[in-house]
Amino acid sequence: MKTNILSLDLGRGSLGIAISRSGMFITPLPNLRFHMDDYDECLDLLLKAVEYEKIEHIIIGYPTYPSGDPCLMTPVVDEFIKKLETKFNVDIVKVDERNSTVEASMMLHSNNKKAKKQKSCIDSAAAMIILERYLKQIGQY
């Protein structure tokens with residue numbers, strides 16, 4: 001069973017984060033905000049969480065068009081993964097992130113979080129969806 005799993009939903013100025021310490025339950029962590037396209041700043045902020053939580057596995061949402069073709073964020077995420085690999089000694093797995101933000105918004109809305117109030121937590125909620133997909137994929141959820 002995999003434990004201490006961190007899930008990431010990378011944006012241009014924010015990083016949604018969710019964690020599974022047990023390999024079964026998923027908890028959102030606060031979004032990390034960084035200067036637009038400054039992914040080195042993002043990595044520095046992420047370092048604290050990875051060390052504190054003793055992360056063994058990182059799951060990252062992988063963006064593509066519905067057809068599966070690369071989109072504008074695909075090379076950005078690819079480059080970010082390379083930086084993750086050099087900075088952290090953990091397993092890194094890409095998981096299809098298509099519609100994760102839409103699903104996260106619906107989940108938040110069903111919990112009475114209106115669209116205007118979702119901005120501060122939508123990325124972490126999407127990271128939860130991505131992590132749930134991964135855990136289901138490996139048969140842990």
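Select Leu6 and Ile58: Leu6 stands opposite Ile58 in strand S4. Helices (H or I, at least four residues) and strands (E, at least two) are DSSP runs, numbered from the N terminus. Two strands pair if DSSP finds at least two bridges between them.

The model on screen is predicted: local features need pLDDT of at least 70 and side-chain atom pairs count only at pLDDT 80 or more, while totals for chains, interfaces and linings use all residues. Residues are numbered from 1 along each chain as its sequence is written, and side-chain values use heavy atoms, with hydrogens and water left out.

**Stop 1: the sheet**

Widen the selection to residues 5-10, strand S1, and residues 57-62, strand S4; the two pair in the parallel sense over four bridges. Both belong to an open sheet of five strands with mixed pairing, in the order S3-S2-S1-S4-S5. At the edges are S3 (27-33) and S5 (91-96), each of which pairs on one side only. From one strand to the next, the twist averages 25°; axes are lines fitted to C-alpha atoms, for helices over the stretch in contact, and angles run from 0 to 180 degrees between N-to-C directions.

**Stop 2: strand S2 and its hairpins**

Select residues 14-20, which form S2; this strand pairs with S3 in the antiparallel sense over five bridges. Within that pairing, Ile17 has Leu29 in S3 as its bridge partner. The hairpin of S2 and S3 has six residues between the strands, and there Gly23 takes a positive phi near 90°.

On the other pairing, S1 and S2 are antiparallel over six bridges, and a hairpin of three residues joins them.

Now show the side chains of S2. Are they buried or exposed? Seven of the seven residues of S2 are buried, so the strand is mostly covered; buried means under 20% relative accessible area, exposed over 50%, and partly exposed in between (1.4 Å probe, protein chains only). Ser14, Gly16, Ala18 and Ser20 point one way, while Leu15, Ile17 and Ile19 point the other way.

**Stop 3: Ser7**

Go back to S1 and pick Ser7, which is found in that strand. Ser7 stands opposite Ala18 in S2. Ser7 counts as buried because its relative accessibility is 0%. Which backbone oxygen does the side chain of Ser7 reach? It is that of Ala127, at 2.7 Å. Leaving aside neighbours within four places in sequence, Ser7 is in contact (heavy atoms within 4.5 Å) with Gly16, Ile17, Ala18, Ile59, Ala127, Ile130 and Leu131.

**Stop 4: helix H4**

Ala127 leads to the next selection, residues 122-137, which make up helix H4. At 1.5 Å a residue, its 16 residues should span 22 Å, and the end C-alpha atoms are 23 Å apart, which agrees; the expected span is 1.5 Å times one less than the number of residues. Twelve of the 16 residues of H4 are buried, so this helix is largely enclosed by the rest of the structure. Among them are Ile122, Ala127, Met128, Ile130, Tyr134 and Leu135. The buried residues of H4 pack against S1, S2, S3, S4, S5 and helix H3 (100-110). Just after H4, Gly139 takes a positive phi of about 80°.

**Stop 5: Val95**

Move to S5 and select Val95, which is found in this strand. At 4% relative accessibility, Val95 counts as buried. Val95 and Tyr62 are 33 residues apart in sequence and 5.4 Å apart in space, C-alpha to C-alpha. Not counting residues up to four places away in sequence, Val95 touches Ile59, Ile60, Gly61, Tyr62, Ile130, Arg133 and Tyr134.

**Stop 6: helix H2**

Finally select residues 74-87, helix H2, which lies across S1, S4 and S5 and runs at about 170° to S4. Its 14 residues should span 20 Å at 1.5 Å a residue; the end C-alpha atoms are 20 Å apart, which agrees.

Which residues of H2 are buried? They are Thr74, Val77, Phe80, Ile81 and Leu84. Seen down the axis of H2, these buried residues fall within an arc of 120°, so they line one face of the helix; the arc is that of the directions from the helix axis to the C-beta atoms. An α-helix has 3.6 residues a turn, so residues three or four places apart point the same way.

What covers the buried residues of H2 includes S1, helix H1 (39-52), S4 and S5. Turn to the other side of H2 to find Lys82 and Thr86, which are exposed.

Technical notes: A polar contact is a pair of N or O atoms within 3.5 Å; within protein, one must be able to donate a hydrogen and the other to accept it, and residues adjacent in sequence count only if both atoms are side-chain atoms.
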